[in-house]
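These are my notebook entries on a structure that I was asked to look through. I wrote them in the order in which I looked things up.

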Amino acid sequence: MGTNADPLATLAGLPGVADSVDSVRKAVDRVYGHRVMRRRSNEVTSEAALRGARGSAALSGADWALEEVRRRSDFGGEGEPRTVGAALRLTAEAGQLLGVWRQSPVRALARLHLVAEGGAAPDDTVGRPRQAGEQVDEPLVTLPLPDAGEVAGRLEGLADLLLAGTEAPALVTAAVVHGELLALRPFASSNGLVARAAERIVLVGSGLDPKSICPAEVGHAELGSAAYLAALEGYASGTPEGMVRWITHCGRAVELGVRESTAVCEALQRGAA
């Protein structure tokens with residue numbers, strides 16, 4: 001990401017990024033201006049959380065219908081129910097971690113991993129970055145896996161970057177956090193779920209989406225895993241073109257999340273929620 005004092009702001013200046021940022025900002029402003037948001041924003045937030053969790057779980061291999069997620073309560077087993085349960089817990093937890101995130105992003109990420117794994121630590125790999133020799137269960141992402149030393153260094157660098165502050169738009173910061181975590185896969189499991197929850201935290205904490213009604217996870221799922229992974233490869237390449245591809249992909253995902261919540265607003269307005 002370069003050696004400038006604010007490398008995130010440098011990314012924001014790449015060709016095509018400003019257009020994506022502007023498009024996202026306009027879309028978010030439109031949904032926040034919907035008349036339903038003046039009276040029933042809590043309902044929109046709750047529905048966005050549910051739909052976002054469903055989308056994140058789908059990208060981690062548990063592609064359930066929304067009504068199935070809404071109906072079920074048995075998320076304690078293995079396999080897909082466990083993945084959906086983890087996504088639901090993370091979406092609920094993300095809004096509670098803004099203060100921790102602002103003080104220590106690494107500590108917030110550790111908490112997210114603990115929540116994803118069920119709130120308990122069955123072994124010492126839960127709630128901390130992986131160490132040398134530890135395996136990673138993240139079959140969707142097939143990029144080369146950085147070793148534990150590189151993970152530790154890049155996590156520290158990411159945290160320093162966030163704590164230093166940036167002039168970059170929220171979309172750029174959220175996309176970099178999301179992409180870096182997916183590329184690193186710092187935990188033994190649930191990295192995709194954690195990365196998407198971290199993206200949500202940045203979008204909310206930045207003020208772009210303070211009520212958490214623009215679920216990017218919905219958009220990522222709608223765009224599909226093939227497009228998601230292809231864009232991630234662009235991020236991992238580190239080239240300007242690759243970074244633009246990833247950032248604009250994340251921007252499109254936010255816009256699709258806005259479209260989803262706009263539909264929720266319209267349904268509430270009709271009394272058909």
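Entry on Asp123. I located Asp123 in the loop between α7 and α8 (148-164). I noted first that I was working with a predicted model. With a relative accessibility of 38%, Asp123 counts as partly exposed, because that class lies between the limits of 20% and 50%. I then looked up its distance to Asn191: the two are 68 residues apart in sequence, and their C-alpha atoms are 17 Å apart in space.

Entry on α7 and α10. I next asked at what angle the axes of α7 and α10 cross. Helix α7 covers residues 105-116 and helix α10 residues 191-205; their axes come within 10 Å and cross at roughly 130 degrees. The angle therefore makes α7 oblique to α10. I recorded the crossing of these two helices as right-handed. On the α7 side, the contact is made by Leu109, Leu112, His113 and Ala116, and on the α10 side by Val194, Ala197, Ala198 and Ile201. Sorted by class, the residues of this contact are seven nonpolar, one polar and no charged.

Entry on the nonpolar core. I looked up which residues touch the most other members of the largest nonpolar core. This core has 81 residues, and those with the most such neighbours are Leu11, Trp101, Leu109, Leu112, Val172, Trp246 and Val254. Helix α9 (residues 170-184) supplies the largest share of the core, with 11 residues. I took Trp101 as an example and set aside its neighbours within four places in sequence. Trp101 is then in contact with Ala108, Leu109, Leu162, Val177, Ala198, Ile201 and Val202. I noted that Leu109, one of these partners of Trp101, also takes part for α7 in the contact with α10.

Entry on α3 and α11. I turned to helix α3 (residues 41-59) and helix α11 (residues 216-223), whose axes come within 7 Å and cross at roughly 40 degrees. That angle makes α3 oblique to α11. The crossing of α3 and α11 is left-handed. From α3, the residues Arg51, Gly52, Arg54, Gly55, Ser56, Ala58 and Leu59 meet Glu217, Val218, His220 and Ala221 of α11. By class, I entered four nonpolar, four polar and three charged residues for this contact.

Entry on backbone angles. Most residues other than glycine have a negative phi. I therefore asked what the phi of Arg185 is. The phi of Arg185 is near 45 degrees, a positive value in a residue other than glycine. Arg185 lies in the loop between α9 and α10, and its relative accessibility of 3% makes it count as buried. Ser212 is not a glycine, yet it has a positive phi of about 55 degrees. I found Ser212 in the loop between α10 and α11. At 13% relative accessibility, Ser212 counts as buried.

Entry on Gln269. My last look was at Gln269, which is placed in helix α13 (residues 240-270). Is Gln269 buried or partly exposed? At 40% relative accessibility, Gln269 counts as partly exposed. Not counting residues up to four places away in sequence, Gln269 touches His34, Arg35 and Val36. I also looked up Gln269 and Arg71: they are 198 residues apart in sequence and 23 Å apart in space, C-alpha to C-alpha.

Methods. Residues numbered from 1 in each chain as written. Predicted model: local features only at pLDDT ≥ 70, side-chain atom pairs only at ≥ 80, totals over all residues. Heavy atoms only, no water. Core = buried A, V, L, I, M, F, W, Y, C linked by side-chain atoms within 4.5 Å. Buried < 20%, exposed > 50% of the residue type's maximum accessible area, 1.4 Å probe, protein only. Helix = DSSP H or I, 4+ residues; strand = E, 2+ residues; numbered from the N terminus. Contact = heavy atoms within 4.5 Å. Axes fitted to C-alpha atoms, helices over the stretch in contact; angles between N-to-C directions. Parallel < 35°, antiparallel > 145°, perpendicular 65-115°, else oblique. Left-handed = near helix turned anticlockwise from the far one by under 90°. Nonpolar A, V, L, I, M, F, W, Y, C, P; charged D, E, K, R; others polar.
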